[in-house]
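Please take a moment to look at the sequence and the three-dimensional structure shown here, and then follow the explanation step by step.

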Amino acid sequence: MRKSILLTSCIALVSSAATSAPAPVAAPAAQPWLKPGQPPEARAEAAVAAMTLDEKLRLIFGYSDQAYTDLAKVPDDLVSPELKAYVISHQVKGSAGFVPGVPRLGIPDQAQTDASIGVRNSLIPSTALPSSLATAASWDPEVPRAGGAVIGAEARATGHNTMLSGGANLAREPRNGRNFEYTGEDPLLAGTMAGALIDGIQSNHIVSTMKHYAVNDQETLRTSLDATISAEAMRQSDLLAFEFALERGRPGSVMCSYNLINGRWGCENDYLLNTVLKQDWGFEGFVMSDWGAVHSTADAANDGLDQFTGFCCVGDKPWFAPPAFNATLQSGAIPERRLDDMATRIVWALFASGAVDNPIRTAPVDYAANAQVSQAAAEQSLVLLKNDGNLLPLGHVKSLAVIGGNADNGVIAGGGSSDVTPVGGAVMIDQHTYLPSPPLAALQHELPRAQIAFDPGANPASAAALASKSDVAIVFVTQHDSEGSDGSLTLTANQDALVSAVAQANPRTVVVIESGGAVFMPWLAQVPAVLEAFYPGIRGGAAIARILTGKVNPSGHLPISFPASPDQFAHPAIAGAGLPDGTPAHVTYDEGAAIGYKWYDLKGYRPLFAFGHGLAYTSFAASGLTATADGRSLAARFAIRNTGRRRGKAVSQLYVAPADWQAAGWEAPKRLGAFTKTELKPGQSRIVTLVVDPRLLATYEAANDRWHIRAGTYRLLLGDASDAQMQTAEVRLPDSIWSARHPSFRPSTKSPAQ
Ligand code: BGC
């Protein structure tokens, strides 16, 4: 095991970032677009009307952080010396990207960086929140919203104003190495949680980015894989998640993905970018490319890409570099009004988010307060999967064996562009980042009278020997996932054998899993209790200890299904596995919109743990479910009651199911229609009303670009997991048609036709 400690300072005062505030501008009277209070559309149009061609061209071409060191070597006829000097002197060092603004007109530079779990800057520490998949397990949009508010505040205080945060790809492929950056397998849950994260970030008057648009559902060969899927299936699955996220989060930008979709690159995809995103969904912001995802100039611009990002060095293809773009423009291959549109969209996002009116200013960050937000998020998100005989919460424990998972050092985090420089310093073990929140120390803190011993778990026999002498054993297992490769659901490094050995030695064994997504548990029948912690963030250890000891009542529910075995995968092998990066490859998503629990329902498979599953140290009962439909909307009403002895949070999940789902044209027997989380004291009950979005009752008809709810009887199924015993009600719905074209964003509870 290789281990090193990277120490970072807790104080973020960034000198280079101060330069990213716009230069002083002329008085608003001379530059009317700078006057707050007018619609962002009007301000953006006026600002772009005042721009020279060169100024417009600056806005559509972005540079990577590496440009800081390598841009100088790029020939002057690709990037002018003046532009190079500007980029090098204004870029926020350690961030992901930079796009020069137009200081003459008061349009700020864009300091772009990743922010899935916190602000990523290799030189500046930040608060690491639980992974997006973990916070999706809270089933409470206020959790990612609060996390987003922290990210946005830290971004602003450290000089960044455009965040690459808001992953909304569905967990179609359980092995996808980036599932931890996304928000689960269901379009409603995923879109709601991703949208809330974006909204929280943008509440700081900066821009956030919904990504990776679209059908970028595996990492293997991500830059060369062509995903085939019908428009209908896409609109009812991957795209629906993005549609909900867009409506709820209103991101200023959308990042198109590396892959091809139905034969067209994600970043030059007329259907996805122009027809769906800009026309049907009314998106007014800009489409930025993923880093290195552009393949042309005219096609990309005409098919909807507004901004090229991440140009770095000699050898990079400068598709949107000012001279290349201008030459294509002059040739007539790109209409001039298209460049105006691109610039207007970029500037619109800066006006609409408030980034122009509230220039970023570096400031100190209250990391202690932000760590509390991260801990609260984890405490709402960890999922108690199994608790036979109420082994948990740990009450009076005389001796405790803590085993494995580097629990003496910290909690693991995912790899790739979401990786942050955590406050307090990362602990690097075998090249994986551990956040400095050791569960061992947290357990010692929560159980001061218990004798707690630690065994690293490298040798199952020695771990079992320790477990056999202890009242209770807790085995920590970790599974590292990362951008750039797909994973396996089988625990690595002999950890399955470790759990089995410990469980054999002590029947009172608890397993805590820190993983990017689902894992197999061949030892499940041997252990009475399992807690899924995902990647729980900078206070993960404390949250785990507080849940294990009952200081916090668990309330997380799975945002993904846990398969029982590989036989349950929709695709036995990952397309292109084993081929060198960049090899053209192909995947056909025959399962269409039947992702996750829908696939299990369709096939009659029993997962290891179902989507929506999660236990608590109390119990809840729902009653009195009634449904009302007035032709335009469907609402359900019921009472939810805490029937146990501890305060807790119930997650009510309302599934909708046509009496004849095949006749209704659905992909699977049921869909999640609405959900809510309710905090209840023992004995307390509340009446809850949930409204089902019409798109979740409909099928998408590509020929007419519309949603269609077929007349018939629909069942409502209310429970606290997709496979749980449910209250049911029935309702008859008339035939109805809903346009897929929205004039602009609108709350999802309103009908698309309004
Ligand atoms: C990732 C994006 C990220 C970008 C910039 C790419 O490799 O796919 O998610 O935002 O890098 O860091």
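Is D341 buried or partly exposed, judged by its relative accessible area? In this predicted model, D341 has a relative accessible area of 29%, and because buried means under 20% and exposed means over 50%, D341 is counted as partly exposed. The side chain of D341 forms a salt bridge with the side chain of R338, at 2.7 Å from N to O. These two residues both belong to helix α13, which covers residues 336-353, and because they are three residues apart there, about one helical turn separates them. R338, in contrast to its partner, is buried, with a relative accessible area of 10%.

A second pair can be read in a similar way. The side chains of R264 and E268 also meet in a salt bridge, here at 3.7 Å from N to O. R264 has 34% relative accessibility and so counts as partly exposed, whereas E268, with a relative accessible area of 6%, is buried.

In the whole structure, a search finds 39 salt bridges. One that is worth following along the chain is between the side chains of E247 and R695, at 2.7 Å from N to O. This pair links distant parts of the chain, since E247 sits in helix α9 (residues 238-249), while R695 sits in the loop between β27 (685-692) and β28 (699-701), 448 residues apart. Both E247 and R695 are buried. Salt bridges can also be joined to one another, and R178, E181, E219, R222 and E483 are linked in a network of this kind.

Some residues of that network lead to the ligand. Around the ligand there are 14 residues, and those that come nearest are D114, R178, H212, D290 and E483. Divided by type, the residues of this shell are five nonpolar, two polar and seven charged. Several side chains place polar atoms at short listed distances from oxygen atoms of the ligand: for H212, an N or O atom of the side chain is 2.7 Å from a ligand oxygen; for R120, the corresponding distance is 3.1 Å; and for R222, a polar side-chain atom lies 3.4 Å from an oxygen atom of the ligand. On its own the ligand has 310 Å² of accessible area, and the protein covers 93% of this.

H212 deserves a second look, this time for its backbone. H212 lies in strand β6, which covers residues 207-213, and the peptide bond from K211 to H212 is cis, with omega near -5°. A further cis peptide bond runs from Y213 to A214, with omega near 10°, and A214 lies in the loop between β6 and β7 (225-228).

The loop between α7 (187-202) and β6 holds H205, whose phi is positive, at about 60°, although H205 is not a glycine. With a relative accessible area of 35%, H205 is partly exposed. N406 likewise has a positive phi, near 55°, and is a residue other than glycine. This residue, N406, is found in the loop between β14 (399-403) and β15 (411-412), and because its relative accessibility is 14%, N406 counts as buried.

Definitions and conventions
Residues numbered from 1 in each chain as written. Predicted model: local features only at pLDDT ≥ 70, side-chain atom pairs only at ≥ 80, totals over all residues. Heavy atoms only, no water. Near = heavy atom within 4 Å. Polar contact = N/O pair within 3.5 Å; in protein donor to acceptor, adjacent residues only side chain to side chain. Areas by Shrake-Rupley, 256 points an atom, 1.4 Å probe, with all protein chains shown as cover. Nonpolar A, V, L, I, M, F, W, Y, C, P; charged D, E, K, R; others polar. Salt bridge = Lys/Arg side-chain N within 4 Å of Asp/Glu carboxyl O. Helix = DSSP H or I, 4+ residues; strand = E, 2+ residues; numbered from the N terminus. Buried < 20%, exposed > 50% of the residue type's maximum accessible area, 1.4 Å probe, protein only.
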